[in-house]
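Me: I should like to learn how to read the features of a protein model, one at a time. Could we work through an example together?

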Amino acid sequence: MKFHQTNCHKFLVSTLSLIFITSIPLILLKNSHPPLSSSLRRSTELSGGDDDKCDVFSGKWVIYPQGPYYTNETCPLIIDQHNCMKFGRPDLQFMKWRWKPFGCELPLFDATQFLEIVRGKSMAFVGDSVGRNQMQSLLCLLAHVTYAEDISNKSPSASIYSTHLFYSEYNFTLSALWSPFLVKYTDSDPEGHSFNSLMSLYLDEADEEWANEIKNFDYVIISVGQWFFRPLLYYQDGQLIGCHKCNHSNITSLTRYYGYKMALQTTFKTLLSLKNYEGVTFLRTFSAAHFENGDWNNGGSCDRTRPFTKEMKIEEYNKEFYLTQVEEFRKAKVEEGVQNGLRFVLINITEIMWLRPDGHPNRYGHSMNRNVSVNDCVHWCLPGPIDTWNEFLVYLMKRELLLREKLKKNA
């Protein structure tokens, strides 16, 4: 589909707006800065390895005068929640930084090259609205080459929360599967659903929203975390085993990290057990929020206009979520069936994005379900530093293709 097909573009923007209505709750944060764990610095062994001598996740942000790949004028698909330029953000320097690995280069995103890699294939972003944020970045990165058709209503398992797009020129399907916990969940608050209402998690049951679909995809990007801050009831084997922030004295108190750990275990166990799934699964590590001078609901904001230096230490909760992910990822890597084509790869962005407090919409993003401005320090402006995630993605995809070719030759 070409750029001049404006009616289709407007329809796609409307659809993208609707899927973001289920946006993640803004996190309640404190502002302590404990030392950075040495485990978080050892990104080389977590980056995917396999004869790759360049650790693209170890580096620094450098000034990049050329600016972003696109703007809100060249990409009409940006929804209001991330459209910082549309709503008057006065400082634009946040768009003129680029991640520079130490000792090597991270290639620029080449839309035509990406589309050739995925020709005849399919890709799914599985998780919450930060994952969808990355998918929308990808849509804009591809927009100067081609546009997608929304085929969500044509899907045999159509869901009001998930989206399916089709690039007909490349026979490429791109989907977003809404699953903020990765495991089965239900609302449990008698007062109904809200940003901080009580929910039940069934930690040993994969969410069917993705589990029933995933075998159809060649590339899968998994990313969740922020929803685990809310009050949660934890179930295993159908029995209530504990809760997080549920304020019930007769229920065992368990941490958010326990629920997160078990959800990841169930996810990897499910992927490893699927007989017909031979895709590459990327685990994108936890993305930091940057509320300062208060929590999200009492005046917290993210007003900084430059990246942090390395001396600004990462928040404890970021580190714990990250280390939980890494632990479960390593366990899955041990069991991955390379001979069957199944691969797990880490997109290791936690520390990288912690250094970018300047990249959030803050007050310059408009909520999808309320026509008001909100201080959003969780999602990322488009264009902005989140575009780097897709530079990492295509870099790792190319590396996986080379690895598979090598395995074929050695078979």
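Reply: The turns below treat a sheet, two helices, aromatic pairs and one polar side chain in this predicted model.

Me: Let us begin with the sheet. In what order do the strands of the open sheet stand, and what is their pairing?

Reply: A sheet is described by its strand order and by the pairing of its strands. Here the open sheet has 4 strands in the order E7-E8-E10-E11, and the pairing is mixed. The edges are formed by strand E7 (183–187) and strand E11 (239–244); each has a single partner strand, so one side of each lacks a neighbour in the sheet. On average, neighbouring strands of this sheet are turned by 25° against each other, direction ignored.

Me: How many bridges join E7 to strand E8, and how do the two strands run?

Reply: E7 and strand E8 (residues 199–206) run antiparallel and are joined by 5 bridges. In one of these strands, E8, alanine 206 is the bridge partner of valine 183.

Me: Which helix packs on the sheet?

Reply: Helix H6 (residues 256–273) does so, touching E7, E8, strand E10 (232–236) and E11. The direction of H6 makes about 35° with that of E8.

Me: What should I examine in the helix H6 itself?

Reply: One may examine its length, its covering and its start. H6 has 18 residues and reaches 26 Å from its first C-alpha to its last, close to the 26 Å expected at 1.5 Å a residue. Of its 18 residues, 13 are buried, and H6 is mostly covered. At its start, a side-chain oxygen of threonine 255 comes to within 3.3 Å of the backbone nitrogen of tyrosine 257.

Me: How does the span of helix H4 agree with what it should be, and which residue caps its N-terminal end?

Reply: The 14 residues of helix H4 (residues 129–142) should span 20 Å at 1.5 Å a residue, and the end C-alpha atoms are indeed 20 Å apart. H4 is mostly covered, with 14 of its 14 residues buried. Aspartate 128 caps the N-terminal end: one of its side-chain oxygens lies 3.1 Å from the backbone nitrogen of valine 130.

Me: Let us turn to the rings. How many aromatic pairs does the structure hold?

Reply: There are 21 aromatic pairs. A pair is read from its centre distance and the angle between its planes. Phenylalanine 181 and phenylalanine 228 are edge-to-face, at 5.3 Å centre to centre with 80° between the planes. Phenylalanine 181 lies in the loop between strand E6 (172–178) and E7, and phenylalanine 228 in the loop between strand E9 (219–223) and E10, so the pair ties together parts 47 residues apart in sequence. Phenylalanine 181 counts as buried because its relative accessibility is 0%.

Me: Which pair is stacked, with 10° between the planes?

Reply: That pair is phenylalanine 286 and phenylalanine 321, at 4.6 Å centre to centre. Phenylalanine 286 is in the loop between strand E12 (280–284) and helix H7 (316–335), and phenylalanine 321 is in helix H7, 35 residues apart. Both residues are buried. Ring pairs also link a cluster that includes Phe181, Phe228, Phe286 and Phe321.

Me: Is glutamine 325 buried or exposed, and what does its side chain reach?

Reply: Glutamine 325, in helix H7, counts as buried because its relative accessibility is 1%, under the 20% cut-off. Its side chain reaches the backbone nitrogen of phenylalanine 286 at 2.8 Å. Leaving aside neighbours within four places in sequence, the contacts of glutamine 325 include Tyr260, Leu264 and Leu283.

Technical notes
Residues are numbered from 1 along each chain as its sequence is written. This is a predicted model: local features need pLDDT of at least 70, side-chain atom pairs count only at pLDDT 80 or more; totals for chains, interfaces and linings use all residues. Side-chain values use heavy atoms; hydrogens and water are left out. Two strands pair if DSSP finds at least two bridges between them. Axes are lines fitted to C-alpha atoms, for helices over the stretch in contact, and angles run from 0 to 180 degrees between N-to-C directions. Contact means heavy atoms within 4.5 Å. The expected span of a helix is 1.5 Å times one less than its number of residues. Buried means under 20% relative accessible area, exposed over 50%, partly exposed in between (1.4 Å probe, protein chains only). A polar contact is a pair of N or O atoms within 3.5 Å; within protein, one must be able to donate a hydrogen and the other to accept it, and residues adjacent in sequence count only if both atoms are side-chain atoms. Rings of Phe, Tyr and Trp (its six-membered ring) pair if their centres lie within 6.5 Å; planes under 30 degrees apart count as stacked, over 60 as edge-to-face and the rest as tilted.
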